[in-house]
Amino acid sequence: MEAPEKSKETVSNYTPRMAGTVNWGTATVVGVFAGLLYGGSREASASVSKDAEVMLKLGSTADKREQHRLVRDAMEKRFVRVARGSIIGGVRLGMFTAAFYSLQNLLAEKRGVHDVFNVVAAGSATASTFGLIMPGSLQWRARNVALGSVLGAAICFPLGNIFDPYM
């Protein structure tokens, strides 16, 4: 007696993306690199005044070894400041970008439409969330949440209309 053959079906959980939605992974990588550049350039421009202090110290000492040590220490500190600023800027902008685009795509998938209101809701929710994690008292954070929600919606509404070719 032969055993009946069981056929195995493969079930795919893949759902195609809606037209007009952005791949949040790619957008996050772009956001991280933009944050790296912004944070590093901001720290590099801020350290110019600190370099002036080193130059003043160089003029006050006649010893070449001491001058070399001062310059080396200043360059090491500048490198660490710029690297730290780059990393912090990259993480901050990357987290913001990831939160915004993943929330925008989630709203588009759950609502079944891709329109400007997904952009507005994602911008408002992301800005208010990042307002919540800012340092300060509870009243200050509540103010940041309200301000972030309003500014996120106010900024994202015109940008969603301008930059969305599928509407």
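What percentage of the 167 residues in the protein is buried? In this predicted model, buried residues account for 28% of the chain's 167 residues. The protein contains five helices and zero strands, and its elements, read from the N terminus, follow the order α-α-α-α-α.

The database record may be set beside this helical architecture. An unreviewed UniProt entry lists residues 22-40, 82-104, 116-133 and 145-163 under "transmembrane region". Two of these spans can be described further from the model. Residues 82-104 are 100% helix and 0% strand, and the C-alpha atoms at the two ends of that span are 32 Å apart. Residues 145-163 are likewise 100% helix and 0% strand, with 26 Å between the end C-alpha atoms.

Attention may now turn to the open space within the model. In general terms, a probe the size of a water molecule, rolled over the atoms, shows where empty space is left. The largest pocket has a volume of about 800 Å³. Of the 29 residues that line this pocket, Phe96, Thr97, Phe100, Gly123 and Ala127 are the closest to its centre. Three helices, α3 (64-111), α4 (116-132) and α5 (138-163), each contribute at least two residues to the lining. Which of the helices gives the most to the lining of the largest pocket? That helix is α5, which supplies 10 residues. In chemical character, the lining consists of 17 nonpolar, 10 polar and two charged residues.

Phe100, one of the residues closest to the centre of the largest pocket, also takes part in an aromatic contact. The model holds two aromatic pairs, and one of them joins phenylalanine 100 to tyrosine 101. Their ring centres are 5.0 Å apart, and the planes meet at 75 degrees. The pair counts as edge-to-face because the angle between the planes is over 60 degrees. Are the two partners buried or partly exposed? Phenylalanine 100 has a relative accessible area of 12% and is therefore buried, since the limit for that class is under 20%. Tyrosine 101, at 23% relative accessibility, counts as partly exposed.

A further contact with an aromatic ring involves a charged side chain. Where does the charged end of arginine 143 sit? The charged end of arginine 143 is placed over the ring of tryptophan 140, at 4.4 Å from the centre of that ring. Both residue numbers fall within α5 (138-163), the helix that gives the most to the lining of the largest pocket.

Note on methods: Residues are numbered from 1 along each chain as its sequence is written. This is a predicted model: local features need pLDDT of at least 70, side-chain atom pairs count only at pLDDT 80 or more; totals for chains, interfaces and linings use all residues. Side-chain values use heavy atoms; hydrogens and water are left out. On a 1 Å grid over the protein atoms alone, a cavity is a set of points where a 1.4 Å probe fits but cannot get out, and a pocket is an open set with protein on both sides within 12 Å along at least five of seven lines; lining residues have an atom within 4 Å of a point. Grid points are joined across faces, edges and corners, and a volume is the space filled by probe spheres set on the points. Helices (H or I, at least four residues) and strands (E, at least two) are DSSP runs, numbered from the N terminus. Ala, Val, Leu, Ile, Met, Phe, Trp, Tyr, Cys and Pro count as nonpolar, Asp, Glu, Lys and Arg as charged, and the others, Gly among them, as polar. UniProt positions are given in the numbering used here, feature names are shortened, and annotations may be inferred rather than shown by experiment. Rings of Phe, Tyr and Trp (its six-membered ring) pair if their centres lie within 6.5 Å; planes under 30 degrees apart count as stacked, over 60 as edge-to-face and the rest as tilted. Buried means under 20% relative accessible area, exposed over 50%, partly exposed in between (1.4 Å probe, protein chains only). A charge sits over a ring if NZ of Lys or CZ of Arg is within 6 Å of the ring centre and within 35 degrees of the ring normal.
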